[in-house]
Amino acid sequence: MTQFFISFSTGCILIGALYILCPEGKISKPIKHIFSLVFLIIIISAANIPLKNIDFSMPTVSFENTENYTAMQIASAEYVFSQTLKSQNINFSKISIFTDKTDDDSIVITKVIIVSNDNRENILNALGGLCENREVEIINE
């Protein structure tokens, strides 16, 4: 850690002094960019970051337990529907989401059942685009 601070401080002083001596004019910007790159190299070398051992490959995500994944997606959809209705001051007691799996293993919401004492038009207006391409059933309490 001490080595890092010594290298960092030395680099700051060196680059700062060179920056002050930098000529003005058209060549000023490229020289300042070079100073920035040199400063970056000083910081990386001072931190002793092994660049050769960095793995840039992306991990693959697999869902071994698809039931939990499906339950998580349904819970997320219920949350979105409930927050949308609450933001429009629509009272409801229950939201049920029904889903299907497509051929590419994605989950699609097919039907939404909302138990509410509000009228159908208010609920559909509050949901707006959320109820497109889905069957929305409203059960009055």
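Biologist: In what pattern do the helices and strands follow one another along the protein chain?
Modeller: Read along the sequence, the order is α-α-α-β-β-α-β. Please note that this is a predicted model.

Biologist: How many helices and how many strands is that?
Modeller: The protein chain has four helices and three strands.

Biologist: Let us take the strands. How do β1 and β2 run with respect to each other, parallel or antiparallel?
Modeller: They run antiparallel, and nine bridges join β1 to β2. One of the pairings involves K101, whose bridge partner in β2 is I107.

Biologist: What lies between those two strands?
Modeller: There are five residues between β1 and β2, and the two strands form a hairpin. In the turn, D105 has a positive phi of about 65 degrees.

Biologist: I am also curious about S96. Where is it located?
Modeller: S96 sits in strand β1, which covers residues 92-101.

Biologist: Is S96 buried or exposed?
Modeller: S96 has a relative accessible area of 18%, so it counts as buried, the cut-off being under 20%.

Biologist: Which residues does S96 touch?
Modeller: Leaving aside residues up to four places away in sequence, S96 touches E78, K111, V112 and I113.

Biologist: K111 has a charged side chain to place. With which residues does K111 form salt bridges?
Modeller: K111 is linked with E135 and E137 in a network of salt bridges. The structure holds two salt bridges. In one, the side chains of K111 and E135 meet at 4.0 Å, N to O.

Biologist: Why does the pair of K111 and E135 tie together separate parts of the sequence?
Modeller: K111 lies in strand β2 (residues 107-116) and E135 in strand β3 (residues 135-140), so the pair connects parts that are 24 residues apart in sequence.

Biologist: And what is the N to O distance between K111 and E137?
Modeller: The side chains of K111 and E137 meet in a salt bridge of 3.0 Å, N to O. E137 is in strand β3 while K111 is in strand β2, so this pair ties together parts that are 26 residues apart in sequence.

Biologist: How accessible are the members of that network, starting with K111?
Modeller: K111 counts as partly exposed, at 22% relative accessibility. E135 is partly exposed too, with a relative accessible area of 47%. E137 is partly exposed at 29%.

Biologist: Changing topic to the surface: which residues make a nonpolar patch?
Modeller: L14, L18, I20 and L21 make a nonpolar surface patch of about 430 Å². Of these, I20 is found in helix α1, residues 2-21. I20 is exposed, with a relative accessible area of 69%.

Biologist: What is the accessible surface of the protein chain as a whole?
Modeller: The accessible surface comes to about 10,600 Å², and 58% of that belongs to carbon and sulfur atoms.

Biologist: What percentage of the residues count as buried?
Modeller: Of the 141 residues of the protein chain, 22% count as buried.

Biologist: Finally, what share of the contacts comes from residues 24 or more positions apart?
Modeller: Such residues account for 47% of the contacts in the protein chain with a separation of 6 or more.

Conventions
Residues numbered from 1 in each chain as written. Predicted model: local features only at pLDDT ≥ 70, side-chain atom pairs only at ≥ 80, totals over all residues. Heavy atoms only, no water. Buried < 20%, exposed > 50% of the residue type's maximum accessible area, 1.4 Å probe, protein only. Contact = heavy atoms within 4.5 Å. Pairing = 2+ DSSP bridges. Areas by Shrake-Rupley, 256 points an atom, 1.4 Å probe, with all protein chains shown as cover. Patch = residues over 30% accessible without salt bridge, like charges linked within 9 Å, V, L, I, M, F, W, Y side chains within 5 Å.
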